[in-house]
Amino acid sequence: MTPRLELKQITKSYRGRTVVNDVSLSIAPGQVTCLLGPSGCGKSTTLRMVAGVERQDQGEVFFDGELICGPQLSLPPEARPVGLMFQDFALFPHLTVAKNVAFGVTGDKQDAKRRVDELLERVGMMRHRDAYPHQLSGGEQQRVALARALAPRPKIMLMDEPFSGLDNRLRDGIRDETLSVLKEEGAAVLLVTHEPDEAMRMGDEIALMRAGEIVQRGNPYNIYNAPVDKEAAGFFSDINVIKGVSKGALTETAFGQFLTPGLQDGAPVEIIIRPQHLRIDFDRKGKGPNETPQDGVAARGVVRRARFMGRESLVEFEMDFDGSSLSATVPAVFLPKPGTPLWLTMRRDRCFVFPAKHAA
């Protein structure tokens, strides 16, 4: 299948500083791809190049297999079949909801009215069709902006942090509603966000961006459970870093040995595990400090701090093995006092082993 949107080796620099470097992407009709990364990594610049607001220095942009922007050609923004949604909904304050949605729709007036009514019904805003933007809540304005962007039936929808201005209580519901409408319309969607939860919730595919480059692409499950490096793992959640040194293709830790093939003796290693995959062995509570667990490999730590987080508690430990700090989440109200010794075990199938980029 020919991709609806395809970027090939897009590069953009400002005043000698490269902000987007060799970015390639392809998005099929009906697919939602989330361009995820921290502020300043080049996400929005990439989106603006697709929209035609910016022009790349190198590379090509294709719509349905046709070149629309390259070294010798660049279609203007108005000639590109894209819908746009940004942080600022940019509704026209002097136009009603219906007229905002109708803006940009061409053709027969009756057909345009049917299209407007269809979309207002779909986003639950029909009863507000004669209201003005200032009379609407933020969530309602977002729905109108979505309907307006979809009204001309764009083949590609470009969304730049469209939910960032919404109240947290509304955000998840509106994200789900928006995703449902986008899927029904069948547009290829490129969504820019800095929020991992949003990318996981909405994306069929996530492209993780860092310093102008895409460092990893994949579906949400794979990109979360098979991160390409420590930074990728840490972008999606809190992490623990267990440091070690490879010797004979093995690294010794408080939790036993880890295989580290391909590394020279003396090479620094970082073993990553998320707090939810460290477990407290409550059966060992109160054991003597010199006792070694008999069942499996466990490590003893002393509680430094415990915090109640709502659905779970976060307990921070200082490990006996090397004095390092590790955190574990417990899905209950569990607040041991500082100084309490406890044993920890880990999910080895949830560990990620990487060569350290810099020696400690």
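**Exercise 1. Find where Arg-15 sits in this predicted model, then decide whether Arg-15 is buried or exposed.**

Solution. Start with the place: Arg-15 belongs to the loop that links strand 1 to strand 2 (17-27). Next, look at how much of the residue is open. Its relative accessibility is 91%. The cut-off for exposed is over 50%, so Arg-15 counts as exposed.

**Exercise 2. Look at the backbone of Arg-15 and Gln-9: what is the sign of phi in each?**

Solution. Take the general rule to begin with: most residues other than glycine have a negative phi. Now check Arg-15, where phi is near 50°, a positive value in a residue that isn't glycine. Then go back along the chain to Gln-9, which is part of strand 1 (residues 5-14). Phi of Gln-9 is also near 50°, so here is a positive value in a non-glycine residue again.

**Exercise 3. Work out how many residues of helix 1 are buried, and which residue just after the helix has a positive phi.**

Solution. Helix 1 covers residues 43-51. A residue is buried when its relative accessible area is under 20%. Go through the helix with that in mind and you get 7 of 9 residues, so helix 1 is mostly covered. Among the buried ones are Leu-47, Met-49 and Val-50, and Lys-43 is on the list too. Step just past the end of the helix and you land on Gly-52, with a positive phi of about 95°.

**Exercise 4. Which residues make up the nonpolar surface patch with Leu-335, and how open is Leu-335?**

Solution. First pick out the members: Phe-308, Val-333 and Leu-335. Together they offer about 310 Å² of accessible area. Then place Leu-335, which lies in the loop between strand 19 (325-330) and strand 20 (341-346). Finally, check its accessibility: Leu-335 is at 45%, so it counts as partly exposed.

**Exercise 5. Zoom out and describe the chain as a whole: its elements, its box, its contacts and its charges.**

Solution. Begin with the elements: there are 8 helices and 21 strands. Along the principal axes, the C-alpha atoms fill a box of roughly 85 × 50 × 40 Å. Of the 360 residues, 48% count as buried. The chain exposes about 18200 Å², and carbon and sulfur atoms supply 49% of that. On to contacts: among those with a separation of 6 or more, 65% come from residues 24 or more positions apart. Last, the charges: you'll find 46 positive and 46 negative side chains, and the centres of the two sets lie 2 Å apart.

Technical notes: Residues numbered from 1 in each chain as written. Predicted model: local features only at pLDDT ≥ 70, side-chain atom pairs only at ≥ 80, totals over all residues. Heavy atoms only, no water. Patch = residues over 30% accessible without salt bridge, like charges linked within 9 Å, V, L, I, M, F, W, Y side chains within 5 Å. Areas by Shrake-Rupley, 256 points an atom, 1.4 Å probe, with all protein chains shown as cover. Salt bridge = Lys/Arg side-chain N within 4 Å of Asp/Glu carboxyl O. Helix = DSSP H or I, 4+ residues; strand = E, 2+ residues; numbered from the N terminus. Buried < 20%, exposed > 50% of the residue type's maximum accessible area, 1.4 Å probe, protein only. Contact = heavy atoms within 4.5 Å. Lys, Arg positive; Asp, Glu negative; His and termini not counted. Charge placed at Lys NZ, Arg CZ, Asp CG, Glu CD.
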